[in-house]
Structure formats: C-alpha cells, structure tokens
Amino acid sequence: KIRVSNTDTALVLFKESAILSEALNNALLEGRAYSFMGICHGMLNQFAEAIATTNKAIEIFKKINHLTYQGSSYNNLAIIYKRLGDLEKSLEMQLLAGETYDKDGYELGSARVINNLGSLFKSMDDFDKAEVYYIKARALYNKLSEKGDSTGIASSRLNLGLLYASMGKLE
C-alpha cells in the first residue's frame, strides 16, 4: 500500500482544528492540532514555523498537565533541531522528553527517547555513548515486549546493528 501525504491540506485542517478547539475551550485538542502543525511544518522544511507551533503545543500541554503529549512534543523538537544540525539543542530536547515521560510513567516513550539518544550520539560520532543507549533501549523494549508491546524491538536491534557496522564490529 502506498501512502501519500498532503501536508498543505493537513496544515489547513490542523489550523481550523486549533481555532475550533480554542473556541470550544478544548485545550487537549488545541494542543494536538498545534503539535501536528509542527510536524507538518517540519516535513515541509519550514523549521521556524515547526518550532513555533510545537512550542505552542508544549505551552498548552503544560497548562493541562498532559505529560505524554508534552514529552512527545519535546521529542518532535529534538528531531527538528537534529535536522537543523543543532545537536546540542536536540540533546536538550531529548532529555526533556525523557524526564517528562519518566514523570508520566510512560515506558514506551522513555524507550523511544533512549533509542533516539543512541541515534543522536551516533550522529555526534560518540559511538561508545550510542552503544550504551542502544543497549538500554533494547533492554527496555525487551521488557515491554514481555508486557505485550513489541513495537520497538526491531528498531532497537537494527540501530545497534548499524552502529556496530559503523564501528567495524562485524563479528
């Protein structure tokens, strides 16, 4: 199945959703609309808009104390900053995402952040730290799979394998 995205149309709909959600005093939906606007702007390489709308989402999620979506928005900012080449700011946002998920007890989010930190350290050519984080991610994904959620096992193993190939560990 081929998926086609129309980010321009999605942006219009998300903007309409944000306006309606605000009028209806539904902060959760308003925050989600801004979060998705940020993702669309990022897909269109409109990074200033992506950062602004994602920060707006974070403000809203903080007001309603929705830690899961707040953490997700920090993670989205980390991805944007990584794409911009600002690896230090990306690291800061990943760490905020991790802290937020930990407060919320959202283990899957924490596992994703740990995996993303491995990727970030690999981008920084810090293979030793990358390996530590990929191994931690694999362990947490394995734990989650015992609880019935195996969504991250393949990606954590793939990332660890790619790291070892980059390091020349091909045993």
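**Reasoning from values to terms in a predicted model**

Trainee: Why is F36 called partly exposed?

Mentor: In this predicted model, F36 has a relative accessible area of 31%. The partly exposed class runs between 20% and 50%, so F36 belongs to it.

Trainee: What makes F36, I39 and M43 a patch?

Mentor: These three residues form a nonpolar patch on the surface, with a joint accessible area of about 240 Å². A patch member needs over 30% relative accessible area, and F36 meets that cut-off at 31%. M43, a residue of helix α2, meets it at 47%.

Trainee: Why does M43 count as partly exposed and not as exposed?

Mentor: Exposed requires over 50%. M43 has 47% relative accessibility and therefore counts as partly exposed.

Trainee: How many aromatic pairs are there?

Mentor: The count comes to four aromatic pairs. One of them joins F14 and F36, whose ring centres are 5.3 Å apart and whose planes meet at 20°.

Trainee: Why is the pair of F14 and F36 called stacked?

Mentor: Ring centres must lie within 6.5 Å for a pair, and planes under 30 degrees apart count as stacked. At 5.3 Å and 20°, F14 and F36 satisfy both conditions, so the pair is stacked.

Trainee: What does the pair of F14 and F36 tie together?

Mentor: F14 lies in helix α1 and F36 in helix α2, so the pair ties together parts that are 22 residues apart in sequence. F14 is partly exposed because its relative accessibility is 23%, and the buried class ends under 20%.

Trainee: What makes the pair of F61 and Y69 tilted?

Mentor: The ring centres of F61 and Y69 are 5.4 Å apart, with 35° between the planes. Stacked requires under 30 degrees and edge-to-face over 60, so an angle in the remaining range is tilted.

Trainee: Are F61 and Y69 buried or partly exposed?

Mentor: F61 has a relative accessible area of 0% and is therefore buried. Y69, at 26%, counts as partly exposed.

Trainee: How do you know that the span of α3 agrees with expectation?

Mentor: The 17 residues of α3 should span 24 Å at 1.5 Å a residue, and the end C-alpha atoms are 24 Å apart, so the two values agree. F61 is among the buried residues of α3, and those buried residues pack against α2 and α4. Just after α3, N65 has a positive phi of about 55°.

Trainee: Which helices do the buried residues of α2 pack against?

Mentor: They pack against α1, α3 and α4, and include Y34, M37 and H41. Helix α2 covers residues 27–43 and reaches 24 Å between its end C-alpha atoms, close to the 24 Å expected. N45, which follows α2, has a positive phi near 60°.

Trainee: Why is E131 called buried?

Mentor: Buried means under 20%, and E131 has a relative accessible area of 16%, so the term applies. E131 lies in helix α7. Leaving out residues up to four places away in sequence, E131 touches L160, L163, Y164, M167 and K169.

Trainee: Why is S110 called buried?

Mentor: S110 has a relative accessible area of 9% and is therefore buried. S110 belongs to helix α6. With residues up to four places away in sequence left out, S110 touches G98, Y101, D102 and L140.

Technical notes. Residues are numbered from 1 along each chain as its sequence is written. This is a predicted model: local features need pLDDT of at least 70, side-chain atom pairs count only at pLDDT 80 or more; totals for chains, interfaces and linings use all residues. Side-chain values use heavy atoms; hydrogens and water are left out. Helices (H or I, at least four residues) and strands (E, at least two) are DSSP runs, numbered from the N terminus. The expected span of a helix is 1.5 Å times one less than its number of residues. Buried means under 20% relative accessible area, exposed over 50%, partly exposed in between (1.4 Å probe, protein chains only). Contact means heavy atoms within 4.5 Å. Patches are made of residues with over 30% relative accessible area and no salt bridge: like charges are joined within 9 Å, nonpolar side chains (Val, Leu, Ile, Met, Phe, Trp, Tyr) within 5 Å. Accessible areas come from the Shrake-Rupley method with a 1.4 Å probe; for residues, only the protein chains shown count as cover. A salt bridge is a side-chain nitrogen of Lys or Arg within 4 Å of a carboxyl oxygen of Asp or Glu. Rings of Phe, Tyr and Trp (its six-membered ring) pair if their centres lie within 6.5 Å; planes under 30 degrees apart count as stacked, over 60 as edge-to-face and the rest as tilted.
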